[in-house]
Amino acid sequence: MSFKKIFVALDDSELSHRVFSQALELALIDRAQVMLFNCVIVNSVAETAVPIPVDLGMNVELMNQAYQAQRLRLETEEKQASGLLKNYCDAAAKQGLQVEFDCKMDGDPGHSICESAQNWGADLIVLGRRGRTGFAEAFLGSVSNYVVHHASCSVLVIQEVKAEK
């Protein structure tokens, strides 16, 4: 099976280095185009909060400072993610691959990955799985599980290697 457009979901983790290496190896085999992707997770509560009138005892200045701090944090995270993707992009381009990158700010990384991959026309998504199970997966969710069940193309999930006990 050959792939012509490989969409690679990355973050700043050790697992992402393995995900990138695997995706690069596949892309080199078929000289595939590569899209490197990162989703900065937005705290949806802060983004959709309704302003509370001062009559209820809320300090408007403190609320404004909190929103500004959140905005600055998101801008910093987006710059860091773009820098990370640029570094990966440069490494792939040195191998002679046609590569580009994209960084989105979204509250749901699984949905963002599936939508962006479909819009780009990917025929393979490569991403990592940290191996959460049980309550951790139920409460924190599983991006890889969502992508496997909702992607419009094939999905390769790279499992995080657990240390031996």
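Colleague: How is "buried" to be read here, as opposed to exposed or partly exposed?

Modeller: Buried means under 20% relative accessible area, exposed over 50%, and partly exposed in between, with a 1.4 Å probe and protein chains only. Serine 112, at 4% relative accessibility, therefore counts as buried. The model is predicted, so that local features need pLDDT of at least 70 and side-chain atom pairs count only at pLDDT 80 or more, while totals for chains, interfaces and linings use all residues. Residues are numbered from 1 along each chain as its sequence is written, and side-chain values use heavy atoms, with hydrogens and water left out.

Colleague: In which helix is serine 112 found, and which residues is it in contact with beyond its neighbours within four places in sequence?

Modeller: Helices are DSSP runs of H or I with at least four residues, numbered from the N terminus. Serine 112 belongs to helix H4, residues 109-120. Contact means heavy atoms within 4.5 Å; with those sequence neighbours set aside, serine 112 touches Phe37, Cys39, Lys104 and Asp106.

Colleague: Where does asparagine 145 lie, and how does its accessibility class follow?

Modeller: Asparagine 145 is in helix H6, residues 143-150. Because its relative accessibility is 36%, asparagine 145 counts as partly exposed. Its C-alpha is 9.2 Å from that of valine 157, at a separation of 12 residues in sequence.

Colleague: Which residues of H4 meet H6?

Modeller: Pro109, Gly110, His111, Ile113 and Cys114 of H4 meet Val143, Tyr146, Val147 and His150 of H6.

Terms used: Helix = DSSP H or I, 4+ residues; strand = E, 2+ residues; numbered from the N terminus.
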